[in-house]
Every structure is written in structure tokens, then in C-alpha cells.
Amino acid sequence: MKGKLIIVSGPSGSGKSTVTKIVKDRLNIPLSISATTRKPREGEVEGIDYYFLSEDEFKRKISNDEFYEYANVHGNYYGTLKKTVEENLEKGLNVILEIDVQGALIAKDKKKDAVLVFFKTKDTKILEERLRGRKTDSEEVIKKRLENALKELEFENKYDYTVINEDIEDSCQKLIEIINE
């Protein structure tokens, strides 16, 4: 029996990364590691948080059709390598992809039975507080992420489920319920 592909996305600061990491650990579900051309943040590790690629390497992989999906977000490329996802699904393992809205819709188009889960905060003020609280991005990047968040929220209706992330534990429970349905 093949595994289920669960695709989690939402605006920066919505808490999707925190929740998916907790749920992955609790359910022993592989979280597919994305490739990106952005620079690593403090504490991020190659091959654990992301595969950090140069733009040339990334474009070469695009040309070789090595991505399940990819998109340019906030001026950087992000993508999911096909091989890992397909191998895990074939083994009967569920796979969580934590990807941007553009990538999620592309992946859903390719894999119709994928389950799309949209994470958001109660309002954009909370989103802005979370982004500023990270203290990892410049003012310019924060403004760009907030601008993109408003655009991403327009796609919520294309998702199978929405999780309003007010409490990490409640959001983890909701995601677990969605996966187990």
C-alpha cells in the first residue's frame, strides 16, 4: 500500500515548520528536505534543514527534471527532489512536504490524492510579530514576506484543510487528525 502525501504550506511566520517538525517526530513521518538557493540561517544544517544549492546547481536539477515541484519565493528557489518523495511513498510511508503555496498547487496538480493543509495565524498582526520575533531577517525581507503572505492567503480556498495556528499543541493535534483520516 502506498503512503499518503501531505502538503503543508502557508505564510512565513504561520508556524508550519514548528508544527510539522513536531508531528513528524511523533508519527515518525519523513519530512521531505527541500532544496533552496537561499543562504542558511544560523543553526541550519545542510541535509537536515535544507539542501543548500547554488542557483546554477538548482537550475541544472530543474533541467534534469529532478524536482517534484519548485518555485521562486522571496527571490530564492525552493524545491522538492522527486527521488526521495517517490521512494518513501512506494515504501508505504506517509510523507509531509512543507512547501510554499506555488509549489503546493503544482504538486497537487501532479498528485491528485495529495492532501493540502494551509497554516495561518488569526490575523496578519500576529504574523508580523512572529516574523519580527525571529530576529533573522532584515526589515526589507520582513516587508517582502508580509506582502507575500497577503497573496498566499488568497489561495487558502484551494486547500483541503486550514489550521489557524494559535497554539502549537492544538495545531499539532489537528495535523495528526488530518493525517490519520
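This report describes an annotated binding site and the two largest pockets in a predicted model.

## Annotated binding site

The UniProt record, an unreviewed entry, carries the annotation "binding site" for Gly10, Pro11, Ser12, Gly13, Ser14, Gly15, Lys16 and Ser17. From this set, Gly10, Pro11, Ser12, Gly13, Ser14, Gly15, Lys16 and Ser17 belong to the lining of the largest pocket. Two members of the set, glycine 10 and serine 14, are described in turn below.

## Glycine 10

Glycine 10 is placed in the loop that runs between strand S1 (5-9) and helix H1 (16-27). Its relative accessibility is 4%, and glycine 10 therefore counts as buried, the cut-off being under 20%.

With neighbours within four places in sequence left aside, the contacts of glycine 10 are Lys16, Ile99, Phe118, Phe119 and Glu152. Of these partners, Lys16 also carries the "binding site" annotation in the UniProt record.

## Serine 14

Serine 14 is likewise found in the loop between S1 and H1. Because its relative accessible area is 0%, serine 14 is buried.

Outside the neighbours within four places in sequence, serine 14 makes contact with Phe119, Lys120, Thr121, Leu127, Arg130 and Asn165. Phe119 is also listed among the contacts of glycine 10. Within the annotated set, the side chain of serine 14 reaches the backbone oxygen of proline 11 at 2.8 Å.

## The largest pocket

The largest pocket holds about 970 Å³ of space. Its lining comprises 36 residues, and those nearest the centre are Ser17, Arg41, Tyr50, Glu98 and Arg134. Ser17 is one of the positions annotated as "binding site" in the UniProt record.

At least two lining residues come from each of H1, strand S4 (67-73), strand S5 (76-81), helix H5 (124-134) and helix H6 (139-153). H1 makes the greatest contribution, with five residues. Divided by class, the lining has 15 charged, twelve polar and nine nonpolar residues.

## The second largest pocket

For the second largest pocket, the volume is about 200 Å³. Arg38, Lys39, Arg41, His74, Asn76, Tyr78, Thr136, Asp137, Val141, Lys144 and Arg145 form its lining. Arg41 also appears among the residues nearest the centre of the largest pocket.

S5 and H6 each contribute at least two residues to the lining of the second largest pocket, and H6 supplies the largest share, three residues. By class, this lining consists of six charged, three polar and two nonpolar residues.

How values were computed: Residues are numbered from 1 along each chain as its sequence is written. This is a predicted model: local features need pLDDT of at least 70, side-chain atom pairs count only at pLDDT 80 or more; totals for chains, interfaces and linings use all residues. Side-chain values use heavy atoms; hydrogens and water are left out. UniProt positions are given in the numbering used here, feature names are shortened, and annotations may be inferred rather than shown by experiment. On a 1 Å grid over the protein atoms alone, a cavity is a set of points where a 1.4 Å probe fits but cannot get out, and a pocket is an open set with protein on both sides within 12 Å along at least five of seven lines; lining residues have an atom within 4 Å of a point. Helices (H or I, at least four residues) and strands (E, at least two) are DSSP runs, numbered from the N terminus. Buried means under 20% relative accessible area, exposed over 50%, partly exposed in between (1.4 Å probe, protein chains only). Contact means heavy atoms within 4.5 Å. A polar contact is a pair of N or O atoms within 3.5 Å; within protein, one must be able to donate a hydrogen and the other to accept it, and residues adjacent in sequence count only if both atoms are side-chain atoms. Grid points are joined across faces, edges and corners, and a volume is the space filled by probe spheres set on the points. Ala, Val, Leu, Ile, Met, Phe, Trp, Tyr, Cys and Pro count as nonpolar, Asp, Glu, Lys and Arg as charged, and the others, Gly among them, as polar.
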